[in-house]
Amino acid sequence: MSSKLFSPYTIKKVTLKNRIVMAPMCMYSASNEDGKIGDWHRIHYATRAVGGVGLIVVEATAVLPEGRISYRDLGIWSDEHIAGLKEITDLIHQHGGKAAIQLAHAGRKAELNEDVFAPSALPFPGMKNPLEADENYIRRVVEAFSQAARRAKEAGFDIIELHGAHGYLINQFLSPLANRRQDAYGGTADNRYRLLGEIIDAVKTEWDGPIFVRVSANEYDENGNSLEQYIEYSRTLKTQGVDLIDCSSGAVVPAKIDIYPGYQINLSERIRREAGIATGAVGLITSAVQAEEILGNERADLVFLGRELLRNPYWAFNAAKELGAEIDRPQQYGRA
Ligand code: FNR
C-alpha cells in the first residue's frame with residue numbers, strides 16, 4: 001500500500017515532503033513584550049521539523065501590536081522581527097520541513113490594556129468594549145498585512161496563512177454576529193468579505209507564494225454565517241488566488257461545541273468538493289490510519305495536527321511505521 005500521508009504535495013513552487021502539517025498554535029512565549037523569537041520557539045519548531053513534519057505553521061503572529069491576543073504573542077509588525085523569524089525558517093529548512101506563518105490580528109479578542117478595535121463597538125461576551133474601526137484604521141490593517149507579507153518573505157517563509165477564523169478580526173468582519181456596520185464593510189455577505197478581499201490583494205503585492213486562509217466554517221449560531229456561506233466565500237477566495245482553505249470552526253461567539261475525533265472534517269470535505277479548492281482538515285486528528293482515511297477519501301489535501309504534535313513531536317515516525325512508508329529520518333536516529 002502506498003501511503004497518501006507520506007506522498008509529496010506541491011503548491012505553486014513549494015513541495016511538501018508529506019501531508020502532515022503542524023497546526024498554528026500560540027505559545028504566548030515571545031522573548032519579551034516585543035513579540036520576538038526566543039529559545040522556546042527555536043526548540044519548539046525545530047523539534048517538529050526533526051520529527052518529520054512536512055509543513056510547520058508558525059503560530060498566530062500579530063501584524064500590529066494592538067492585534068496581539070496577549071503581550072507575549074509573536075509579532076511581525078516591524079522589520080526588527082525579521083531576523084528572529086529567519087532563524088526559525090532556517091532551522092525548519094535545515095531539517096527538511098517547509099515553513100508557513102499565520103498572520104493575525106485579534107480585533108476585539110485582544111486581551112490588552114490599550115484600545116482594541118473591531119468592526120463594531122460590540123464586545124466578545126465577557127471581554128472589553130472595542131472601538132469601531134474607522135476607514136483609517138481599516139487602511140492601517142490592510143497595509144499592516146501587506147508589510148507583514150513582505151517581512152515573511154524576507155524571513156524565508158514558504159507559505160502565508162491568513163487567520164480568518166476563531167473570532168479574530170478578519171472573522172469578526174466576515175460574521176454578522178460581530179459585524180453590524182452599515183458602510184461598505186458590513187451588511188451584505190460581499191461587504192463583510194471586503195476586508196479579507198482587500199487584505200489578500202494587498203498581500204499579493206508583496207508575496208507571490210502560496211496563500212492559505214483559515215476559516216471558522218461553522219459559527220455554531222443560527223444568526224452566524226452558515227457552511228453554505230463559507231462554501232461561497234471559498235469560491236471567492238479561489239478566484240482571488242488563494243491556494244488552500246484551512247477548515248476550522250467556532251470561537252466567534254461563545255458556544256457549546258460537540259467534540260469527537262475528526263469533528264471538523266465534514267467542513268473540509270464539503271468546501272473541497274463544492275468550492276473546488278484544496279483544503280486542510282484539522283481537529284482531533286490523532287492517528288495515522290485516520291489521517292490516511294481523510295486523504296485517501298479526498299476529504300482534504302493536507303491534515304493539520306495540533307495537540308497531538310504537542311504531545312509527540314515524533315508522531316510522523318510512528319505514523320510511517322504504521323503505514324509501512326519509507327521516509328528519511330535524521331541519520332543520527334538510524335532506522336529508529
Ligand atoms: C491553538 N489553535 C490555534 N489556531 C489558530 O488558528 N491559531 C493559533 O495561534 C492557535 N493557537 C492555539 C494554541 C494552542 C495551545 C492550541 C491547543 C490550539 C487551534 C489549533 O490550531 C487547532 O485548530 C486545534 O487545536 C484543533 O486541532 P487538534 O489540537 O485537535 O489537532
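A polar contact is a pair of N or O atoms within 3.5 Å. This cut-off is applied below to the ligand in a predicted model.

By that criterion, L284 contacts the ligand through its backbone: an N or O atom of its main chain lies 2.7 Å from an oxygen atom of the ligand. Two side chains also take part. In Q102, an N or O atom of the side chain is 2.8 Å from a nitrogen atom of the ligand. In R214, a polar side-chain atom lies 3.0 Å from a ligand oxygen atom. Taken alone, the ligand exposes 600 Å², and the protein buries 82% of that area.

The ligand sits in the largest pocket. Its surroundings comprise 15 residues. P24, Q102, L284, G306 and R307 are the closest of these. By class, the shell divides into 8 nonpolar, 5 polar and 2 charged residues.

An unreviewed UniProt entry places the feature "domain: NADH:flavin oxidoreductase/NADH oxidase N-terminal" at residues 4–323. In the model, this span is 36% helix and 18% strand. The C-alpha atoms at the two ends of residues 4–323 lie 10 Å apart.

Conventions
Residues numbered from 1 in each chain as written. Predicted model: local features only at pLDDT ≥ 70, side-chain atom pairs only at ≥ 80, totals over all residues. Heavy atoms only, no water. Near = heavy atom within 4 Å. Polar contact = N/O pair within 3.5 Å; in protein donor to acceptor, adjacent residues only side chain to side chain. Areas by Shrake-Rupley, 256 points an atom, 1.4 Å probe, with all protein chains shown as cover. 1 Å grid on protein atoms, 1.4 Å probe; cavity = no way out; pocket = protein on both sides within 12 Å on 5 of 7 lines; lining within 4 Å. Sits in = over half its atoms within 2 Å of the grid points. Nonpolar A, V, L, I, M, F, W, Y, C, P; charged D, E, K, R; others polar. UniProt positions renumbered as here; feature names shortened; annotations may be inferred. Helix = DSSP H or I, 4+ residues; strand = E, 2+ residues; numbered from the N terminus.
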